[in-house]
Amino acid sequence: MHASPCPCCDQARALHAHLVAGDVDGAIEAGLMAFRSCACADDTAAQVMQAQHRLRAAWDARERYRQRQARLARRAAERDARRLKVAEVADSVQASRPALPTGAAAILARAKAKAAERMKP
């Protein structure tokens with residue numbers, strides 16, 4: 001192993017070792033997301049940067065998915081609330097509305113009264 005030119009390269013090699021071992025959590029704890037490549041960086045630093053970009057893209061996608069799910073849930077709740085409100089209004093309108101319009105009810109009442117008079121002896 002050769003002497004490293006700078007601390008950045010040492011960190012790149014340490015992060016690369018975590019990544020090669022499949023220890024993404026260890027790489028994150030070791031500073032993967034804060035890693036910045038230096039001017040003397042080699043292929044190892046480039047691989048670390050690629051892993052950093054893939055992880056950031058995955059986190060961003062997960063956040064967009066969570067926001068979308070929250071937005072869809074909110075819209076569904078609003079839609080259900082509107083449906084419930086419309087149903088409640090329709091029920092109250094039907095309950096308060098007479099079975100017949102006022103004019104028809106008056107005609108029916110007069111017809112019943114005439115029929116009752118005819119039935120008397």
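**Salt bridges, cysteines and a nonpolar core**

In this predicted model, D10 turns out to be partly exposed, with a relative accessible area of 38%. That residue makes a handy starting point, since D10 pairs up with R13 in a salt bridge whose closest N and O atoms sit 3.2 Å apart. Both partners belong to helix α1, which covers residues 7-20. D10 and R13 are three residues apart in that helix, or about one turn.

Opposites attract here, in the usual way: side chains of opposite charge can pair when their charged atoms come close. Searching the whole structure turns up two salt bridges. Besides the D10 pair, there is one between the side chains of R74 and E78, with an N to O distance of 3.8 Å. Helix α3, running over residues 43-96, holds both R74 and E78. This time the partners are four residues apart, which again comes to about one turn of the helix. Neither end of this bridge is buried: R74 is partly exposed at 45% relative accessibility, and E78 is partly exposed too, at 39%.

Next come the cysteines. A disulfide is a covalent bond between the sulfur atoms of two cysteines. The search of the whole structure finds zero of them. Take C8: the closest cysteine sulfur belongs to C38 and lies 3.5 Å away, so the two are too far apart for a bond. The cut-off that matters here is 2.5 Å between the sulfur atoms. C38 is in no disulfide either, as its nearest cysteine sulfur, that of C40, is 3.3 Å away. Surroundings vary along the way: C8 is buried, with a relative accessible area of 13%, while C38 is partly exposed, at 22%.

What about the inside of the protein? In soluble globular proteins, nonpolar side chains tend to be buried together. In this model, the largest nonpolar core is made up of 13 residues. The ones with the most contacts inside that core are L15, L32, F35 and V48. Two elements, α1 and α3, each give two or more residues to it.

V48 gives a good close-up of how this core is put together. Setting aside its neighbours within four places in sequence, V48 touches A12, L15, H16, L19, L32 and F35. Among those partners are L15, L32 and F35, which appear with V48 on the list of residues with the most contacts inside the core. V48 falls within the residue range of α3, whereas A12, L15, H16 and L19 fall within that of α1.

Note on methods: Residues are numbered from 1 along each chain as its sequence is written. This is a predicted model: local features need pLDDT of at least 70, side-chain atom pairs count only at pLDDT 80 or more; totals for chains, interfaces and linings use all residues. Side-chain values use heavy atoms; hydrogens and water are left out. A salt bridge is a side-chain nitrogen of Lys or Arg within 4 Å of a carboxyl oxygen of Asp or Glu. Buried means under 20% relative accessible area, exposed over 50%, partly exposed in between (1.4 Å probe, protein chains only). A nonpolar core is a set of buried Ala, Val, Leu, Ile, Met, Phe, Trp, Tyr and Cys residues joined through side-chain atoms within 4.5 Å. Contact means heavy atoms within 4.5 Å.
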